[in-house]
Amino acid sequence: MKAYLLKRILSLIPVLLVVAVVVFFLIHLTPGDPAAVMLGPDAAPEDVERLREELGLNLPLHEQFFSWFFGLFKGDLGWSIYMNKPVLDAFLERLEPTLSLAMLAQGIAILIAIPFGILAAIKRGTLTDQLFMVLAMLGVSVPSFLLGLLLMLGFGVKLQWFPVAGYNPLSTGIWNHLQYMILPALSLGTIQAALIARMTRSSMLDILTMNYIKTAHSKGLKERVVIYKHALRNAFIPILTVIGQTFGTLVAGAVVTETVFNLPGVGQLVVQSIVRRDYAVIQGTVLLITVSYVLINLIVDLLYGVIDPRVRLNRK
């Protein structure tokens, strides 16, 4: 197991290296001059040129890359030219809203999707199954920003149950925090719920036709025991895969959701940094998000062995 873990960690190095190279060059090859953006449209050309010189933007692109890349090994993600602070500090300051949003959205998605997916599989071909699948299709089809606006209109403006936008940190109290997070989490989690529900239904349908399930029924075991102890456990690996992969969708969706609900998270930081051409923040943030995504998939991969002992045997 340790050898497998070490092998998986080493395999992440080329992935992160490729991401670092692609992110750096894509950002620097996009049109726009950060020095001109910082000084404004009325700035004199000589002032813009002087600022470019101070920021090192006149250096050849490969020198800028190697300077940034070797800084990563020292934990230096760069310096935000707009906020005038280290990129890591700017990222950590914005991490709480994004982490809270992602965890709540994923929690809502799992709580909704798995029971609905199981029920749809058990009731295959019935009106209940068709209704759940139509709802799942709607969940996948409706963009998160549109659902977010509808939730704001319904529960924020009309019913006034929740604030329309804004953010209260967790330190102000759980309810004060949650009342600002429920609508964004519902908006973001609905798409994930639809994807997980469809996978749960599909995986459960495959398992429910297996001979050992028929044997369990023939032994007179209760339906609940057959479904949750025998069927769901064996159906859970593909469901777990989807849960892990949808984290990437959550991060991408968080950019839009944080903008719609005015949450000061990492997604909003990325959008603001793109507008400001704050290269170091974009590079550092995208790299950290990629590392998080890769690590979560690694954890999901390791959980396979916990759920299914056959996976552990295959790895030896």
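A residue counts as exposed when its relative accessible area is over 50%, as buried when that area is under 20%, and as partly exposed in between. Keep those cut-offs in mind on this tour. The model is predicted.

**Stop 1: Asn-84**

Select Asn-84. Its relative accessible area is 56%, so Asn-84 is exposed. Asn-84 sits in the loop between β1 (79–80) and β2 (85–86). Now check the backbone. Most residues other than glycine have a negative phi. Asn-84 has a positive phi, near 55 degrees.

**Stop 2: the whole chain**

Zoom out. The protein chain has 14 helices and two strands. Its C-alpha atoms fill a box of roughly 85 × 60 × 35 Å along the principal axes. Of the 316 residues in the chain, 39% are buried.

Turn on the surface. The chain exposes about 17300 Å². Carbon and sulfur atoms supply 68% of that area. Next, colour by charge. There are 25 positive and 19 negative side chains. The centres of the two sets lie 24 Å apart.

One more figure for the whole chain concerns contacts. Take those between residues at least 6 apart in sequence: 72% of them join residues at least 24 apart.

**Stop 3: helix α1**

Select residues 2–29, which form helix α1. How far should its 28 residues span at 1.5 Å a residue? The expected span is 40 Å, and the end C-alpha atoms are 41 Å apart, so the two agree.

Show the side chains. Buried residues in α1 include Tyr-4, Leu-12, Val-19 and Ala-20. Val-23, Phe-24, Ile-27 and His-28 are buried too.

**Stop 4: the aromatic cluster**

Stay on Phe-24 and add Phe-25. Their rings form an edge-to-face pair. The ring centres are 5.2 Å apart, with 80 degrees between the planes. Are these two rings buried or exposed? Phe-24 has 1% relative accessibility, so Phe-24 counts as buried. Phe-25 has a relative accessible area of 27%, so Phe-25 is partly exposed.

Move to Phe-69 and Phe-70. The ring centres of this pair are 5.8 Å apart and the planes stand at 70 degrees, so the pair is edge-to-face as well. Phe-69 is buried, at 13% relative accessible area.

Now select the whole group. Ring pairs link Phe-24, Phe-25, Phe-65, Phe-66, Trp-68, Phe-69, Phe-70 and Phe-73 into a cluster. The model has 13 aromatic pairs in total.

**Stop 5: Gln-106**

Go to helix α6, residues 95–122, and pick Gln-106. Its relative accessible area is 12%, so this glutamine is buried. What is Gln-106 in contact with, leaving aside neighbours within four places in sequence? Its partners are Gln-192, Ile-196, Ile-243, Thr-246, Phe-247 and Leu-250.

**Stop 6: the loop between α8 and α9**

Select the loop between α8 (144–158) and α9 (174–208). Two residues are worth a click.

Start with Gln-160, which lies in this loop. At 63% relative accessibility, Gln-160 counts as exposed. Its phi is positive, near 55 degrees.

Then click Phe-162, in the loop between α8 and α9. At 17% relative accessibility, Phe-162 counts as buried. Draw a distance from Phe-162 to Gln-179, C-alpha to C-alpha. The two residues are 17 apart in sequence and 5.8 Å apart in space. Gln-179 is also among the contacts of Phe-162 beyond four places in sequence. The others are Phe-155, Gly-156, Trp-175, Ile-182 and Leu-183.

**Stop 7: Met-210**

Follow the chain to the loop between α9 and α10 (211–218), where Met-210 lies. Met-210 counts as partly exposed, at 37% relative accessibility. Add Ala-231, which is 21 residues away along the chain. The C-alpha atoms of Met-210 and Ala-231 are separated by 9.1 Å.

**Stop 8: Thr-257**

Finish in helix α11, residues 223–260, at Thr-257. Buried or exposed? Thr-257 counts as buried, at 2% relative accessibility. Show its contacts, leaving out neighbours within four places in sequence. Thr-257 touches Leu-101, Ser-144, Pro-184, Ser-187 and Leu-188.

How values were computed: Residues numbered from 1 in each chain as written. Heavy atoms only, no water. Helix = DSSP H or I, 4+ residues; strand = E, 2+ residues; numbered from the N terminus. Buried < 20%, exposed > 50% of the residue type's maximum accessible area, 1.4 Å probe, protein only. Contact = heavy atoms within 4.5 Å. Areas by Shrake-Rupley, 256 points an atom, 1.4 Å probe, with all protein chains shown as cover. Lys, Arg positive; Asp, Glu negative; His and termini not counted. Charge placed at Lys NZ, Arg CZ, Asp CG, Glu CD. Expected span 1.5 Å × (residues − 1). Phe/Tyr/Trp six-rings, centres within 6.5 Å; stacked < 30°, edge-to-face > 60°.
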